[in-house]
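Student: I want to test the labels on this model against their definitions. Can we go through them one at a time?

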Amino acid sequence: MILSTGTFETFDKSLIFYRKWAPETKGNGRIMLLLHRGHEHSERLDGIANNPVFADYTIYSYDYRGHGYTETPATYEFMTLVRDLDAFARFVCKTEGKGMDDIFVTANSVAGVVASTWVHDYAPMIKGMALIAPAFHIKLYAPFAKQFLELAIRFKPEMNIKSYVKARYLTHDVTEQRRYNEDPLVTPNIPARQLTTLLNAGRRVVADAAAIAVPTLILSAGSDYVVDSKVQGDFYAGLSSPLKRFVPLEGFYHGMLYEQEAQKVVDEVGAFMETCFSANTAASLDEMVRWTQNECDRIAFGSLPPLRSLNFRLQRLSMKRLGFISEGISIGLRYGFDSGVTLDHVYENEARGVTKLGKLVDRGYLDSIGWKGIRQRKINSIATIKETIEALLAAGETVRILDIAGGPARYLIETAAEYPQIEVRVRDYQEQNVSQGRKVAAELGVTNITYEQMDAFDPASYEAAGYRPNIVVISGVFELFGDNELIGNAIDGVTSIIADGGYLVYTGQPWHPQLEQIAHVLGNHQQQRWVMRRRSQYELDRLFENAGFKKRGMKIDDWGIFTVSVARFSRDR
């Protein structure tokens with residue numbers, strides 16, 4: 001293999017060191033991303049990359065932040081590692097002139113959690129992935145270790161901890177133990193918060209493994225002192241992947257790639273990778289819809305354990321009797337907790353209420369994980385829209401934005417004020433949202449934004465002649481409705497008016513930790529129970545892809561709740 005090195009610019013403009021192993025002959029045109037385990041670096045993978053099994057593949061790897069030759073400091077947030085992987089995959093595709101469907105990912109330990117979280121959250125259409133002893137649940141041994149770490153982080157956010165894992169627990173091979181111990185680039189420390197957020201992400205992805213449709217191989221170490229192998233089985237059992245394989249290797253320690261019989265691991269990866277590239281492994285969209293529909297039906301119609309049912313009844317009663325003291329809860333009770341007016345209060349993030357107690361209650365309401373995610377969604381939406389505006393302006397185009405169900409859309413008012421040369425139209429079904437938006441725009445003196453009361457799901461509403469937006473925004477609306485036929489009306493409407501080559505900015509909700517509570521406690525704008533059918537990112541992306549939109553990028557919050565994607569439209573599909 002021919003080795004070359006360099007750096008790539010990741011999502012936040014940081015530079016990360018990478019290696020490339022290219023076949024000495026022409027190769028097969030396929031790419032493998034080979035990801036190192038925690039504490040290590042890509043140079044330690046040289047022997048694996050040069051294994052004859054992979055001789056025809058172009059192989060890329062990179063050093064995580066704070067590892068190996070990457071000078072960018074280690075991150076305190078696990079999701080940063082996921083975003084780095086997405087940026088790296090896109091860099092490799094651009095460099096090689098390939099698509100995501102030319103890529104296979106092989107990831108060891110912590111990298112296995114990074115890769116599976118990326119596949120879950122971003123839904124890249126890669127050929128497959130091999131997870132080698134994925135660290136979904138790390139054995140911390142000390143009782144309540146995670147809870148103590150989370151408490152300590154509150155007082156010392158940048159706290160680092162030293163790994164307890166010794167080389168003798170990673171491999172039986174004495175030579176490999178010595179290489180690990182003598183390697184000056186091995187990083188013994190890990191930021192405590194990166195560890196706790198890693199464990200949170202691992203738990204989330206295992207519980208929601210059904211959202212993963214990518215062909216998956218799991219190699220599990222039979223004598224793993226570092227991670228819990230049983231959780232790997234739970235993850236495997238939940239996968240929706242049409243092609244999947246679980247291989248337990250008895251007697252293997254956690255560092256499976258460095259074990260005495262590591263060739264068994266390499267052979268399994270090579271064989272599975274060949275199968276993925278030679279077989280049609282596309283997942284059925286209908287199947288992906290079915291499992292979230294089943295979840296939605298269970299929440300809507302299923303029974304609850306007595307204590308949980310009592311808890312939700314008490315919450316509803318408290319809101320009905322005492323909700324008036326919190327401004328946010330009062331707005332939700334009046335207009336619906338999914339309404340644009342509610343979102344305006346959430347975006348402002350200023351606790352208001354009757355007496356100090358009311359403000360305290362409102363602060364607790366605003367600090368719920370769902371509303372935190374909503375505020376981050378706004379930040380990500382603004383950033384994505386501005387990036388798209390800048391791209392169009394740089395190309396010398398006039399920018400015309402349409403939000404099909406924007407509510408008051410305060411952030412678009414702010415965007416219109418910042419870019420007075422663009423034209424913005426906001427539509428919404430509710431009159432109070434339209435009135436509120438007009439009022440705010442008038443107060444701020446913004447004249448290049450207009451509002452219309454229209455139904456985003458009514459095909460006739462898209463027949464307005466003479467307006468061809470080149471940016472269409474669909475934010476926070478599709479997750480409110482579970483019917484894809486209804487959603488299809490909006491998608492068809494958008495495709496009928498968007499300019500060829502125009503951009504679509506759309507939000508998603510692939511996961512939410514409070515779906516059950518929301519359904520049993522909160523009401524929507526129709527004064528009904530707020531029951532949501534979430535869509536996996538795979539499902540959402542496929543719906544738009546089938547209509548002619550090609551996804552170009554995505555942003556997601558640190559909790560994995562809300563996504564903001566950008567896609568480009570082409571009438572020549």
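Tutor: We take the sheets, then burial, then salt bridges, then a surface patch.

Tutor: This is a predicted model, where local features need pLDDT of at least 70, side-chain atom pairs count only at pLDDT 80 or more, and totals for chains, interfaces and linings use all residues. Residues are numbered from 1 along each chain as its sequence is written, and side-chain values use heavy atoms, with hydrogens and water left out.

Student: What makes β12 and β13 a pair?

Tutor: Two strands pair if DSSP finds at least two bridges between them. Helices (H or I, at least four residues) and strands (E, at least two) are DSSP runs, numbered from the N terminus. β12 (residues 423-428) and β13 are joined by five bridges, so they meet the pairing rule. The two strands run parallel. One of the bridges sets V426 opposite Y451 of β13.

Student: Which sheet holds them, and why are β13 and β16 called edges?

Tutor: The sheet is open, has seven strands and mixed pairing, and runs β13-β12-β11-β14-β15-β17-β16. β13 (449-453) and β16 (549-556) each have a single partner strand, so one side of each lacks a neighbour in the sheet. From one strand to the next, the twist averages 20°.

Student: What lies across that sheet?

Tutor: Helix α14 (residues 369-394) lies across β11 (400-403), β14 (471-474), β15 (503-508), β16 and β17 (563-569). Contact here means heavy atoms within 4.5 Å. The helix runs at about 170° to β15. Axes are lines fitted to C-alpha atoms, for helices over the stretch in contact, and angles run from 0 to 180 degrees between N-to-C directions.

Student: What is the strand order in the eight-stranded sheet?

Tutor: That open sheet runs β1-β2-β4-β3-β5-β6-β9-β10, with mixed pairing. β1 (2-9) and β10 (244-249) are its edges, because each has a single partner strand. Its twist averages 15° from one strand to the next.

Student: How do you know that β9 and β10 pair?

Tutor: There are six bridges between β9 (residues 216-221) and β10, in the parallel sense, so the minimum of the pairing rule is met. T216 has K244 in β10 as its bridge partner. Helix α2 lies across other strands, including β1, β2 (15-22) and β4 (58-62), and runs at about 145° to β4.

Student: Why is S536 called buried?

Tutor: Buried means under 20% relative accessible area, exposed over 50%, partly exposed in between (1.4 Å probe, protein chains only). S536 has 2%, so it counts as buried. S536 sits in the loop between α18 (515-521) and α19. Leaving out residues up to four places away in sequence, S536 touches A211, M288, W291 and P510.

Student: What about G493: buried or exposed?

Tutor: Its relative accessibility is 6%, so G493 is buried. G493 belongs to helix α17 (residues 484-497). G493 and P459 are 34 residues apart in sequence, yet their C-alpha atoms are 5.7 Å apart.

Student: What makes R90 and D86 a salt bridge?

Tutor: A salt bridge is a side-chain nitrogen of Lys or Arg within 4 Å of a carboxyl oxygen of Asp or Glu. For R90 and D86, the closest N and O atoms are 3.3 Å apart, so the pair qualifies. Both lie in α2 (residues 78-96), four residues apart, about one turn of the helix. R90 is partly exposed at 30%, whereas D86 is buried at 7%.

Student: How do you know that D541 and K551 form one?

Tutor: Their closest N and O atoms are 2.8 Å apart, so the cut-off is met. The pair links distant parts of the chain: D541 in helix α19 (residues 537-545) and K551 in strand β16, 10 residues apart. D541 and K551 are both buried.

Student: How many salt bridges does the whole structure have?

Tutor: The search finds 35.

Student: Why does Y169 count as partly exposed?

Tutor: Its relative accessibility is 31%, so Y169 falls in the partly exposed range. Y169 lies in the loop between β7 (160-162) and α5 (174-182).

Student: Which residues form the nonpolar patch?

Tutor: Y141, Y164, Y169 and Y225 form it, with about 420 Å² of accessible area together. Patches are made of residues with over 30% relative accessible area and no salt bridge: like charges are joined within 9 Å, nonpolar side chains (Val, Leu, Ile, Met, Phe, Trp, Tyr) within 5 Å. Areas come from the Shrake-Rupley method with a 1.4 Å probe, and for residues only the protein chains shown count as cover. At 31%, Y169 passes the area cut-off.
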